[in-house]
There are 2 protein chains.
Amino acid sequence: MTTRPASPITGIDHIAILVRDIDASLPYYRDVLGLAVVADDVNEAAGVRLLYLDAGNLAIQLVSPFAAGAIAAALDEHGEGLHHVCFKVEEMSVAVGALAPAADVVVTRGGRNRLTCFLPDRPNGLIMELTEIDEADD
Amino acid sequence: MTTRPASPITGIDHIAILVRDIDASLPYYRDVLGLAVVADDVNEAAGVRLLYLDAGNLAIQLVSPFAAGAIAAALDEHGEGLHHVCFKVEEMSVAVGALAPAADVVVTRGGRNRLTCFLPDRPNGLIMELTEIDEADD
């Protein structure tokens, strides 16, 4: 691949698939596609369970709501399917400053206890998350 | 990450974002996110333009229809947004045999002149493509 211009994005950490019931959905990804489960988390504040599968060069996250909130609302409105892309950044404050300079962005601890935020922009309806990641964690 | 069980999938090649007009959408991905364009293809048989951006560990594909077909129909029905995931496999015939043993799967030459097919299964509504890729190409 060619050299990229200066970008705060170093890669894609995961793509998220919104599902009603992780336990019901997991067998396809694990047993048919053959992807290993690498983490199974709960984010109490967001009211979601987050299960991560190793797809080789990035993770697939299955996300399922157990309480009212943005994810439950998205499931009601749009149903199951691809939900968002999470970009890896080296320094959250630098990336937020570059990608959302005019917005109030809330950075929290998300799945796998990593710093995370969602960007206000939704180009082509694309929901974009950022996560700060040490490559040593990867 | 932990060792994966035997899987024909070696990684994710690209995620596709369905857009109405690639020229109108491109500036956000290229100039705001800072992702470099690595290929700009037309698939005449599918009636689509396919533009690939380097997201580091995989590509983001912008796909836009210029003729009637499955992609134009999806755009009419669902609008813009995340459309499918394309998994990398080492050997297409082996992967299709493992992941769609009972189906008639049509393997064609897709974007970047690579062997490609779409799987009949749509777990949680997820549209899955396979592409055969030599790691030397990557």
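**Figure 1. Strand E1 and strand E4 of chain A.** In this predicted model, five bridges connect E1(A) with strand E4 (residues 59–65) of chain A, and the two strands run parallel. Within this pairing, Ile15(A) has Ile60(A) of E4(A) as its bridge partner. Strand E1 (residues 9–18) of chain A is itself mostly covered, with eight of its 10 residues buried.

**Figure 2. Strand E1 and strand E5 of chain A.** Strand E5 (residues 81–89) of chain A is also a partner of E1(A): eight bridges join the two, which run antiparallel. In this view, Ala16(A) is found opposite His84(A) of E5(A).

**Figure 3. The open sheet of chain A.** Eight strands of chain A make up an open sheet with mixed pairing, and their order is E2-E3-E4-E1-E5-E8-E7-E6. E2 and strand E6 (108–109) of chain A are the edge strands, each of which pairs on one side only. At the E2 edge, seven bridges link E2(A) to strand E3 (residues 48–54) of chain A, and these strands run antiparallel. One residue of this pairing is Asn43(A), whose bridge partner in E3(A) is Val48(A).

**Figure 4. Helix H2 against the sheet of chain A.** Strand E3 of chain A, shown above in its pairing with E2(A), is also among the strands touched by a helix. Helix H2 (residues 70–78) of chain A packs on the sheet, where its contacts are with E1, E3, E4 and E5 of chain A. The direction of H2(A) makes about 90 degrees with that of E4(A).

**Figure 5. The contact between chain A and chain B.** Chain A and chain B each bring 37 residues to the contact. On the side of chain A that touches chain B, the elements giving two or more residues are E1, helix H1 (22–32), strand E2 (36–43) and E5 of chain A. E1(A) gives the most to this side, namely six residues. Sorted by class, the side of chain A that touches chain B comprises 21 nonpolar, 13 polar and three charged residues.

**Figure 6. The relation between the two copies.** A turn of 180 degrees with a shift of 0.0 Å along the axis lays chain A on chain B with an RMSD of 0.0 Å. The two copies are therefore related as by a two-fold rotation axis. Both copies use the same surface, since 100% of the contact residues of chain A recur in chain B.

How values were computed
Residues numbered from 1 in each chain as written. Chains lettered and ligands numbered in written order. Predicted model: local features only at pLDDT ≥ 70, side-chain atom pairs only at ≥ 80, totals over all residues. Buried ≥ 20, exposed ≤ 12 C-beta atoms within 10 Å, placed from the backbone. Helix = DSSP H or I, 4+ residues; strand = E, 2+ residues; numbered from the N terminus. Pairing = 2+ DSSP bridges. Contact = placed C-beta atoms within 7 Å. Nonpolar A, V, L, I, M, F, W, Y, C, P; charged D, E, K, R; others polar. Least-squares fit on C-alpha atoms with pLDDT ≥ 70 in both. Axes fitted to C-alpha atoms, helices over the stretch in contact; angles between N-to-C directions.
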